[in-house]
Structures are given as C-alpha cells and as structure tokens.
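Q: Please take me through the surroundings of the ligand up close, residue by residue where you can. After that, add a few words on a helix-to-helix contact elsewhere in the chain.

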Amino acid sequence: KVALLLRGFMKERVLTGIKPTGYAHLGNYFGAIKPAIEMSKDEGIDCLYFIADYHALTTVKTREEMEEFTYNIACTWLACGLDPSKVIFYKQSDIPEDLELGWILCNLTPKGLMNRAHAYKACVEKNEAAGVDRDAGVNMGLYNYPVLMAADILLFNSKRIPVGLDQTQHVEIARDIAIYFNNRYGNIFTLPESFVEKETSILVGLDGRKMSKSYGNTIQLFTDEKTLQKSVNRIVTDSRLPGEAKDTDNTICKLYRLFATPDEVQDFERRMLEGLGWGDAKKELFAKMNQTISPMREKFDYYQSHRDEVDVILEEGAKKARAIATPMLAKIKKAIGITR
Ligand code: TRP
C-alpha cells in the first residue's frame, strides 16, 4: 500500500522530444510513436512529449518547411492516438523557460564536451576528409544542440528519456551537466537516463537496411493509398519466381509481422514457403498495412484540415508544461543567486 501511495505521489516522469525535420515514417511509428503512446496509458507514468522545433532549426531552413513538418508531427501523434489529457504535448518554442535554462547551462558546459558530441564531431570529420575548414557549415545551433537538449530534459526533472540509439550520448551529456550543476549549486536536478526501444534497430526499410530517412528507404506513414501502394511495390526482393519457395527472412515478411495477428503471420509465412509470388505478397502486405493505417489516416487528414484545433491542443499543453517549468526555473535562478 505504501508503495502504491508513493507511486501515486512520485509518478515517474518520462519526457521525449520529436524534431520536425520531415515526414513521419513507419520506422518512427513502430520505433518511437507507438511505444510512447502505449507508455502514456500507464497511470503511474507522467508523460511529456514535445515538438523540438528549436532543435529542428539547425537543419530546417525555410518557414514553409518548418510549418509543414511541425504540423505533420503534431497531426501524426494525435492521429496515432496521443491523448492530450494523458500526455503533456507541447511545442518547445512555447516554453521560454527552456531557452533561459539553456543559457544558464551553457556556463556549466565545458566546450570540450561539445567538441565530442557526435553530430558536431561528424561534421568536423567530414570537413577534414574534404580538406576544408573544420567548422565549415557548422552553426552555433548545431554546436550548442546538446545544451538545449539538456535544458529540455532538466527543466522538467524528467527521469526516463526514450530516444533512438543515436541520442543516448546527448542524454548522457544532459546527465553530466546536471551533475556539474548539482555539485556547484546543490541538488536541484534529477539525473536523467536514456531508454532505447529495441524495435528501433530492427525495423527494415525498402532495401532491407534499417528504415531511416538518411538511407532514403522509408515508407511514409501518412500518404494517400496510392503512394503507400507504390512504396510497397518498391520493396527490394530477389528474382525467385511464383511457385518457388521463399524463406521468411525477407523484408515483406518482416513488415507483414508488424501489422498482422500471429495466426495471419503463420498463414502468410507458410504460403511464402509454398511459393507465393512476390507481387501477390506485396498486394497482401499493402492490404494489411492499409487496414491498420487507414483509420489513423482519416484522423490525420482531419487534424491537417483543422489546424486551429491542433494549435489549441498545443497551447493547452504549453500551459501545463509551463506550470511545471516556471516554478522550476524560479528555483534554479534562486540557486544560482540571480534572484532571492
Ligand atoms: N535530439 C532529439 C532527436 O534528434 C530530439 C530531442 C530534442 C529530444 N530534445 C530532446 C529527445 C529531449 C529527448 C529529450 O531525436
């Protein structure tokens, strides 16, 4: 009973940011969106999910794209079942406290730590290989990216940070910065830990490699049926003919498993072994996918054509987030002696 009470008082806080840098694809859905929405149904967990628009600014260079991608992300999460009464869902740029904290944290962040952050380091290595200035094309937004990310996390005392593998270093940096701060000013921040969904690494793209925007092998989650069908048709297969046995370790089977029931999977795999042709297999895969996606697509289209409703949802989310962020920043400013 005591444990239950404690759990009620000290709900575990989970926070993650989603960068609006493109259109959501199946890899995003199964690797991040779906598990995050599942997690938000747990009453013992307090979830904050936000659109990291200021982070996207390092790569998104036009107003049109920023707006397009931001609504794509917002509508995607809502369409996939995010319940704004269960999740604090907001836009980073609606939380000015985040940037204030970001500046404070800059002063506790060793420059060398930023030199070693992977996104910046990758740029430097690329520049060096090309024989150009090591900082060519690097802006301060990219360089300071991990500091702002630390602010996103620490401002809300979040404990668990679901991220892709490539982001675990950033969460460790946030943790380091929290430790520096706590050592200097007293125990203010909870130390965050990253949490990596297993599926992220497994989901395959059109060419059989991991589905990723950088490989250009993604299947976009919300497009019209025709485009979805076209994507499925582009899945790379071998040249075995209908009637020839196919092993079940192929991309079509792997994707099919994500959408079908165990019985359906068993039946499908048996028929693959018996020689189901690639063309027919693709048709079946498309039908199964579309069965899951189409009700969500309807919601997605609804939100896309009612963006004012989306704005209201995000504004409400920002209010809830600021109800946490404002007193937290006040506490931080006190701790560093800027206010009394
Ligand atoms: N950097 C993350 C990404 O590229 C997005 C992000 C920004 C984030 N702030 C965050 C993730 C805070 C978790 C917590 O995917």
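A: One term first: a polar contact here is a pair of N or O atoms within 3.5 Å. Keep in mind that this is a predicted model.

With that cut-off in hand, start at Gln-167, where a polar side-chain atom sits 2.8 Å from a nitrogen atom of the ligand. Because that cut-off is 3.5 Å, the pair at 2.8 Å counts as a polar contact. Asp-152 does something along those lines: an N or O atom of the Asp-152 side chain is 2.7 Å from a ligand nitrogen. For Tyr-145, the distance from a side-chain N or O atom to a nitrogen atom of the ligand is 2.6 Å.

How much of the ligand does the protein cover? On its own the ligand exposes 370 Å², and 89% of that is buried by the protein. Three elements each give two or more residues to the shell: strand β1 (12-18), helix α9 (145-154) and strand β4 (160-163). Of the elements, α9 gives the most, with four residues.

Stepping back to the whole shell, 14 residues surround the ligand. The closest are Lys-19, His-55, Tyr-145, Asp-152 and Gln-167. Sorted by class, the shell holds eight nonpolar, four polar and two charged residues.

Now for the helix contact. Helix α15 (residues 278-304) includes Gln-304. The axes of α15 and helix α16 (residues 307-336) come within 6 Å and cross at roughly 90°, so the two helices, α15 and α16, are roughly perpendicular to each other. From α15, Tyr-302, Tyr-303 and Gln-304 meet Arg-307, Glu-309, Val-310 and Ile-313 of α16. By class, that contact has four nonpolar, one polar and two charged residues.

Gln-304 deserves a line or two of its own. The side chains of Gln-304 and Arg-307 are joined by a polar contact of 3.0 Å. Leaving aside neighbours within four places in sequence, Gln-304 also touches Tyr-71, Asn-72 and Cys-75. Ala-79 is 225 residues away from Gln-304 along the chain, yet their C-alpha atoms are separated by 9.9 Å.

Terms used:
Residues numbered from 1 in each chain as written. Predicted model: local features only at pLDDT ≥ 70, side-chain atom pairs only at ≥ 80, totals over all residues. Heavy atoms only, no water. Contact = heavy atoms within 4.5 Å. Polar contact = N/O pair within 3.5 Å; in protein donor to acceptor, adjacent residues only side chain to side chain. Near = heavy atom within 4 Å. Areas by Shrake-Rupley, 256 points an atom, 1.4 Å probe, with all protein chains shown as cover. Nonpolar A, V, L, I, M, F, W, Y, C, P; charged D, E, K, R; others polar. Axes fitted to C-alpha atoms, helices over the stretch in contact; angles between N-to-C directions. Parallel < 35°, antiparallel > 145°, perpendicular 65-115°, else oblique.
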